[in-house]
Amino acid sequence: MLDRELMDIAPEAPLSRGGAWRLAQGSLPAMRGASGRPVPFCVAGGRASGSIAPAAGQDDMAGHWVCAIGAFDGLHRGHKELLRRAREEARRRGCRLAAVTFSPDPADVLGEPQGRSRLLTCEERSCGLLALGVDAVVAFDFTAALAALDHLSFMREALLAVLDVDVVVVGSDFRLGAAGAGTVEALTADGRALGFDVCGLDLLDADGEAITATRTRCLVRAGRVEAAAGLLGRCLCATGVIEHGRGEGTSFGFPTANVMVDALSCVPDQGVYACLVTLEGEGGLLGCWPAAVNVGVPPTFAGQSALDARTLLEANLIGFAGDAYGRVAHVTFVRWLRDSRPFSSLEELERTVLGNIGWTARSLGEGDVMGGGFA
Ligand SMILES: Cc1cc2nc3c(=O)[nH]c(=O)nc-3n(C[C@H](O)[C@H](O)[C@H](O)COP(=O)(O)O)c2cc1C
Ligand SMILES: Nc1ncnc2c1ncn2[C@@H]1O[C@H](COP(=O)(O)OP(=O)(O)OP(=O)(O)O)[C@@H](O)[C@H]1O
């Protein structure tokens, strides 16, 4: 089934209106009513591939498009402003709006090996972009072949082969293609040659500094979750699966659910936080509990567990009774409480943690907030 939907261009095909290569199969991929489901594509003689996720009701890709391009990790306030302006441009020109992005995030492939670098998974980014009102998300596979394409080749052989592009909208700091040579200026020259316009927008800032995914990730890793929320325009949320821990907590009087998040997921390096934890049930959400959460290996027990090498969030779900093992948990960080630290006695550890749980219960509630907050 997928093969039928793959498309390719004839490498010798001439450039036509708008710079769009005529596709070998003559048309852009038809969605055939399968709205929301990504449709794979392959262009530029196999050098570029990816998928298109259409919004509901968008059943084909024909027609003219405004394209907002970037990684969009976090979908922070700057990204939302860019998309708002791109939407306005699309409306003015009678075009549809596509978000053009890359999977995996180029920063994960080209950037410094920094770990914990992802505020959103590719799927979350795609769903978020569609929720923000784009008509389609075009996600190019960020392969070595794609990374090696210069900006002109990317526009001509990859993007214009998939969409008939009228306008490209990017932030003023944006760089596309090999060696990051595709600045707004260079893309504008490409547009003159290939038949599209380029809007390079000033970056939205907060406190005199541009809002970027890099800035947001730095704040998160330093534990400054409230400041990160100010840039994101919402609280940070990390998702993981609940696994068995060492079982110490039960005897302390504060049972903990051990939420293992992906090693690439951007969460604080360490610290104790007041959170809300939403658990998935069999056919939907089970509920959402206030929780005091320790992030990272508990310093008092460092090196004592096979779990230690992985990213661990230990959550005491306030008012939760039941078996949470194996469940998917979404941990929303509301407030930093303190740094994690080693304790010289278990009594001091227990007293301190119970204090953190008490503060969280008084501030966020004593039970499932979806069920009214009554334990
Ligand atoms: C809110 C909270 C704060 C915590 N703070 C610390 C801490 O500062 N230092 C530390 O060594 N462990 C800390 N812990 C971790 C406990 O030591 C840990 O939950 C306990 O060992 C139980 O682990 P287990 O049930 O997975 O075996 C904290 C746990 C929670 C829930
Ligand atoms: N604060 C902002 N205001 C407006 N546009 C922005 C802002 N930040 C990023 N953009 C633009 O949004 C698109 C997607 O952003 P992208 O994820 O590539 O950059 P970023 O958020 O600055 O991430 P990073 O810090 O990893 O470079 C790009 O065109 C980018 O220039």
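The following paragraphs lead through the structure, from its sheet to its helices, its loops and the surroundings of one ligand. The structure is a predicted model, and what is said below should be read with that in mind.

A good place to begin is the sheet, which is open, consists of 7 strands and combines them with mixed pairing. Followed across, the strands come in the order β1-β2-β5-β4-β3-β6-β7, and at the edges stand β1, residues 39-43, and β7, residues 197-201, each of which pairs on one side only. Neighbouring strands of this sheet are turned against each other by 25° on average, with direction ignored. In general, the strands of a sheet pair through backbone hydrogen bonds, in either a parallel or an antiparallel manner. One pair can be looked at in detail: strand β4, residues 96-103, and strand β5, residues 136-141, pair in the parallel sense over 6 bridges, and Ala98 stands opposite Ala136 in β5.

Helices lie across this set of strands. Helix α2 lies across β3 (64-69), β4, β6 and β7, and runs at about 150° to β6. Helix α4, which spans residues 122-131, lies across β2 (48-54), β4 and β5, and its direction is at about 155° to that of β5.

Other helices can be followed through their contacts with one another. The axes of α8 and of helix α9, residues 225-232, come within 8 Å and cross at roughly 160°, which means that α8 is roughly antiparallel to α9. The crossing in which α8 passes α9 is left-handed. On the side of α8 the contact involves Arg215, Thr216, Leu219 and Val220, and these meet Val225, Ala227, Ala228, Leu231 and Leu232 in α9. Sorted by class, the residues of this contact are 7 nonpolar, 1 polar and 1 charged.

A second pair of helices packs in another arrangement. Helix α6, residues 151-162, and helix α7, residues 184-194, pack at an angle of about 50° with their axes 9 Å apart, and therefore α6 is oblique to α7. Here α6 passes α7 in a right-handed crossing. From α6 the contact takes His151, Leu152, Met155, Arg156 and Leu160, while α7 contributes Ala186, Leu187, Asp190 and Leu194. By class, the contact of α6 with α7 holds 6 nonpolar residues, 1 polar residue and 2 charged ones.

Two details of the backbone deserve a look in the loops. The peptide bond that leads from Ser103 to Pro104 is cis, with omega near 0°, and Pro104 is found in the loop between β4 and α3, the latter covering residues 106-110. In the loop between β3 and α2 lies Leu75, whose phi is near 45°, a positive value in a residue other than glycine.

The walk ends at ligand 2, which is surrounded by 22 residues, the closest being Gly70, Gly78, Gly171, Ala213 and Thr214. The elements that give two or more residues to this shell are α2 (77-93), β6 (164-171) and α8 (213-221), and the largest share, 4 residues, comes from α2. The shell around ligand 2 divides by class into 13 nonpolar, 6 polar and 3 charged residues. Elements met earlier thus return at the ligand: α2, which lies across several strands including β6, and α8, which crosses α9, both give residues to the shell.

Terms used:
Residues numbered from 1 in each chain as written. Chains lettered and ligands numbered in written order. Predicted model: local features only at pLDDT ≥ 70, side-chain atom pairs only at ≥ 80, totals over all residues. Near = placed C-beta within 6 Å. Nonpolar A, V, L, I, M, F, W, Y, C, P; charged D, E, K, R; others polar. Pairing = 2+ DSSP bridges. Axes fitted to C-alpha atoms, helices over the stretch in contact; angles between N-to-C directions. Contact = placed C-beta atoms within 7 Å. Parallel < 35°, antiparallel > 145°, perpendicular 65-115°, else oblique. Left-handed = near helix turned anticlockwise from the far one by under 90°.
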